[in-house]
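Thanks for coming, everyone. Please look at the screen, and I will walk you through a few places one by one.

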There are 2 protein chains.
Amino acid sequence: MTPAVAHVVTVGVLPGGDAEGALVAAALGAAGVRVLSRALVEDDEAALQHALGPDDSLTVILAGAGGSAGDVVRRVLARATGARLVLHERMLAALEERYRRVDRPLPRRAERLALLPQGATVWVPAAGEPAWALESGARAFVVLPRDGAGAALEEHLVPFARARAAGHGAALTRTLRTAGVGAAALEERLAEWLGQPDRGAEVSVVPAEGEVWVRLRAPGASVEDAAQALAAVESAVAAALGADCYGRDAETLELVVGRRLLERGLTLAVAESCTGGLLGHRLTNVPGSSAYFERGVLVYSNRAKQELLGVPAEVLRAHGAVSAPCAEAMARGIVERAQSACGLAITGIAGPDGGTPAKPVGTVFVGLALGGAVTSRHFRFAGDRAQVKWHSTQMALDMLRRAL
Amino acid sequence: MTPAVAHVVTVGVLPGGDAEGALVAAALGAAGVRVLSRALVEDDEAALQHALGPDDSLTVILAGAGGSAGDVVRRVLARATGARLVLHERMLAALEERYRRVDRPLPRRAERLALLPQGATVWVPAAGEPAWALESGARAFVVLPRDGAGAALEEHLVPFARARAAGHGAALTRTLRTAGVGAAALEERLAEWLGQPDRGAEVSVVPAEGEVWVRLRAPGASVEDAAQALAAVESAVAAALGADCYGRDAETLELVVGRRLLERGLTLAVAESCTGGLLGHRLTNVPGSSAYFERGVLVYSNRAKQELLGVPAEVLRAHGAVSAPCAEAMARGIVERAQSACGLAITGIAGPDGGTPAKPVGTVFVGLALGGAVTSRHFRFAGDRAQVKWHSTQMALDMLRRAL
């Protein structure tokens with residue numbers, strides 16, 4: 001049985017990112033539908049037409065409110081399904097209701113938003129923007145607003161995708177995230193699983209976003225079957241990964257570290273030099289992090305390292321700011337001054353300038369103060385400034401995770 | 001004349017981002033080729049085949065080294081062009097040379113990387129990974145390694161794209177980035193330009209990445225013609241945008257602010273509460289920022305606000321940590337303690353918890369200390385935690401930019 005498949009297409013804003021499309025793809029995947037592609041296309045009829053999924057697939061389209069994206073979507077889907085554009089009373093009523101709530105009349109130009117291909121089903125979530133769906137033979141299309149798709153996604157798209165997975169066969173994916181180990185080492189460790197789909201799930205090792213992910217994909221006649229197949233392979237693969245696996249799917253390293261701090265009732269303070277705030281930013285991206293994140297200092301200059309952390313001038317003179325003694329003095333300084341349970345410090349050379357033969361760009365020291373002890377590790381990262389910053393925070397969080 | 005068009009496809013790692021694809025798209029755009037879509041597709045033959053651009057287009061494929069992405073690409077392109085896979089000596093030699101440099105023999109499984117569709121042209125840049133191109137009628141395909149595409153991109157793909165733009169007609173795009181003004185207001189201000197392609201360039205207003213972009217696209221018989229048409233419209237539109245436009249294309253707000261600080265020889269220190277390091281992170285993403293970024297403090301707790309910035313207990317008691325007096329005290333505190341020329345402070349409620357009827361989630365105060373004066377502004381941002389953090393740093397940087 002071939003699982004139900006889907007394509008996610010976001011219309012407009014090509015130079016930008018596609019966080020909305022990624023969210024939709026994740027929701028479809030969790031509902032048992034296999035997402036084959038995720039595209040950003042220009043606000044252009046030919047480009048969108050080309051991006052529509054082929055027969056027997058679901059295409060979810062996210063259309064921005066600005067510009068002509070909505071018109072392009074309506075025209076392309078009408079043409080693709082051979083339907084005429086007609087006024088949908090339910091969509092018109094939903095739009096009028098939205099304007100009524102903000103005490104404004106529906107603008108004339110907004111009325112054309114209610115012109116949909118004949119046969120379309122309008123989805124009006126309890127809160128949030130309306131969306132619509134259109135089925136044509138074995139092909140299905142869903143159009144969500146790019147902003148505020150959340151409500152329609154949960155209330156309508158997920159059940160719609162589940163029903164497709166039940167009718168076509170399902171596929172579930174799982175991402176096991178690792179830190180502190182390379183792709184080649186993981187491939188060796190997982191050799192018996194790679195390229196062996198008959199063991200219940202396809203397993204692959206993929207470098208992604210500055211870490212290495214182990215991806216599992218299990219097909220099944222139903223979502224429940226796929227979940228069962230996935231669970232069996234997942235527990236075996238997770239056991240092989242051991243402590244190198246820190247989380248799954250959307251669990252970030254900062255989320256996992258925060259959870260452990262919270263469980264143990266510990267507070268954390270950070271001292272950042274070359275990462276310039278990225279470590280604090282990642283830690284405070286987690287809702288509720290104020291319960292354990294006490295403070296941070298961004299000590300770019302040597303003067304700041306001395307004033308805010310008490311790094312001895314002697315350490316800076318003898319070893320330089322990028323050194324194990326400095327990283328340890330920074331960790332000690334932040335934990336003492338913040339009176340926090342843990343202290344994490346990063347100092348290094350992010351580049352592109354500032355490297356020397358002895359300390360090339362990418363040289364980074366991470367210091368960790370925990371339970372009265374201070375340790376440090378030396379890293380040498382490849383890549384540009386953004387990558388060195390990212391990897392530095394990744395390894396700092398991983399050091400703390402393993403120590404907890 | 002219809003301009004040369006292209007599609008960019010990255011194979012593998014669907015849940016991740018696509019920074020590499022965005023770089024390739026930007027390079028194609030600058031070479032005069034119009035990029036119609038950018039897609040991330042699963043490591044799957046049917047998915048890739050569907051994503052290939054139609055007749056009369058260029059498809060650039062980025063294939064990761066891990067997994068079977070390379071095999072999938074070779075097989076799909078051979079089938080799409082009706083060519084057999086044959087051993088390419090030049091590719092084999094390039095691969096052997098790469099392994100020789102690290103003193104290892106070419107592994108047997110790496111030999112299949114030299115099996116390419118008959119008629120393919122191998123590109124071997126002076127440094128970096130080899131790539132290849134394949135033309136079939138009016139359709140062209142270029143395959144770049146996902147990691148280390150840089151050299152082949154500059155040395156081979158850009159001239160290849162330029163030649164296509166010269167043969168087909170060119171199109172150039174420009175993004176004018178704005179801050180501190182909404183999409184609706186910009187649409188009103190640019191009414192005479194929107195939807196008027198006969199004025200030399202198409203102009204559109206698109207909300208993107210927490211700001212609003214004005215995008216221009218000018219066609220021309222050649223890249224030079226397109227550049228001329230673009231320049232004329234750009235200067236008129238830029239004049240209409242005035243100080244609300246802070247930069248173009250890849251120029252970020254932190255880059256523009258950093259440039260002004262550098263020009264005026266000023267230093268900056270920051271004090272962040274709800275943004276938790278994002279402001280420092282953005283500022284230090286700019287290479288060379290150590291010349292003006294002195295330090296930062298992440299004062300999540302009230303104790304940290306008092307200890308590190310000297311915010312008076314009386315201010316916290318009477319107005320709370322999220323208030324104009326606190327933002328101003330923070331700005332004053334950081335500029336005095338860091339002895340920097342400028343001080344920027346952010347305090348607010350990023351959510352999802354912590355809001356009250358009087359100060360709901362999204363309430364943010366930004367304080368600016370500059371030339372002895374301290375000012376503050378009150379904002380109320382919509383969106384989730386990540387969006388509130390982003391908008392807060394955006395408005396803080398914009399306040400500083402306008403003050404400089």
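One definition to start. A helix here is a DSSP run of H or I with at least four residues, a strand is a run of E with at least two, and both are numbered from the N terminus. Keep in mind that this is a predicted model.

Now, chain A as a whole. Its secondary structure comes to 13 helices and 17 strands. The C-alpha trace spans about 80 × 55 × 40 Å along its principal axes. The chain has 404 residues, and 55% of them are buried. Now take the contacts in chain A with a separation of 6 or more. Residues 24 or more positions apart account for 68% of them.

Next, helix H1 of chain A. H1 covers residues 19-30. Does its length agree with what we expect, or disagree? Each residue should add 1.5 Å, so 12 residues should span 16 Å, and the end C-alpha atoms are 17 Å apart, which agrees. You may wonder about the sum. The expected span is 1.5 Å times one less than the number of residues.

Which residues of H1(A) are buried? They are A:Gly21, A:Val24, A:Ala25, A:Ala27, A:Leu28 and A:Gly29. These buried residues pack against several elements of chain A, among them strands E1 (5-11), E2 (34-41) and E3 (57-63). Strand E8 (139-145), helix H5 (150-168) and strand E9 (170-178) are also on that list. After H1(A) comes A:Gly32, with a positive phi near 100°.

Helix H8 of chain A, residues 253-264, can be read in the same way. H8 has 12 residues and reaches 17 Å from its first C-alpha to its last, close to the 16 Å expected. Its buried residues are A:Leu253, A:Glu254, A:Val256, A:Val257, A:Gly258 and A:Leu261. What covers them? The cover includes strands E12 (245-248), E13 (268-272) and E15 (342-348), and helices H9 (278-283) and H13 (385-403), in chain A. Just after H8(A), A:Gly265 takes a positive phi of about 65°.

Now bring in the second chain. How do we lay chain B on chain A? Turn it by 180° and shift it by 0.1 Å along the axis, and the RMSD is 0.2 Å. The two copies are thus related as by a two-fold rotation axis. The same surface serves both copies, as 97% of the contact residues of chain B recur in chain A.

On to charges. Over all chains, a search of the whole structure finds 52 salt bridges. Here are some of them.

Start with B:Glu42 and A:Arg217. Their side chains meet in a salt bridge at 3.7 Å, N to O. This pair crosses between chains: B:Glu42 is in the loop between strand E2 (34-41) and helix H2 (45-51) of chain B, and A:Arg217 is in strand E11 (211-220) of chain A. Both residues are buried.

Second pair: B:Glu45 and B:Arg79, with a salt bridge at 2.4 Å, N to O. B:Glu45 sits in helix H2 and B:Arg79 in helix H3 (69-81) of chain B, so the pair links distant parts of the chain, 34 residues apart. Are these two buried or partly exposed? B:Glu45 has 22% relative accessibility, so it counts as partly exposed. B:Arg79 is partly exposed too, with a relative accessible area of 44%.

Third pair: B:Glu251 and B:Arg259, at 3.4 Å, N to O. B:Glu251 is partly exposed at 22%, and B:Arg259 is partly exposed at 37%. Salt bridges can also share partners. That is how A:Arg189, A:Asp244, A:Asp398, A:Arg401 and A:Arg402 join into one network.

Now a charged residue without such a partner. B:Lys305 is in helix H11 (302-309) of chain B. B:Lys305 is buried yet has no salt bridge. Where is the nearest side chain of opposite charge? It belongs to A:Glu294, 9.5 Å away. What does the side chain of B:Lys305 reach instead? It reaches the backbone oxygen of B:Val299, at 3.1 Å. Leaving aside neighbours within four places in sequence, the contacts of B:Lys305 include B:Ser273, B:Tyr300, B:Leu316, B:Cys326, B:Met330 and B:Thr347.

Last stop: B:Ser392, in helix H14 (385-403) of chain B. Its relative accessibility is 0%, so B:Ser392 counts as buried. Not counting residues up to four places away in sequence, B:Ser392 touches B:Cys274, B:Thr275, B:Ile346, B:Val364, B:Val366 and B:Phe381.

That is my tour. Thank you.

Conventions:
Residues are numbered from 1 along each chain as its sequence is written. Chains are lettered from A and ligands numbered from 1 in the order in which they are written. This is a predicted model: local features need pLDDT of at least 70, side-chain atom pairs count only at pLDDT 80 or more; totals for chains, interfaces and linings use all residues. Side-chain values use heavy atoms; hydrogens and water are left out. Buried means under 20% relative accessible area, exposed over 50%, partly exposed in between (1.4 Å probe, protein chains only). Lys and Arg count as positive and Asp and Glu as negative; His and the chain ends are not counted. A salt bridge is a side-chain nitrogen of Lys or Arg within 4 Å of a carboxyl oxygen of Asp or Glu. A polar contact is a pair of N or O atoms within 3.5 Å; within protein, one must be able to donate a hydrogen and the other to accept it, and residues adjacent in sequence count only if both atoms are side-chain atoms. Contact means heavy atoms within 4.5 Å. Copies are superposed by least squares on the C-alpha atoms of residues with pLDDT of at least 70 in both.
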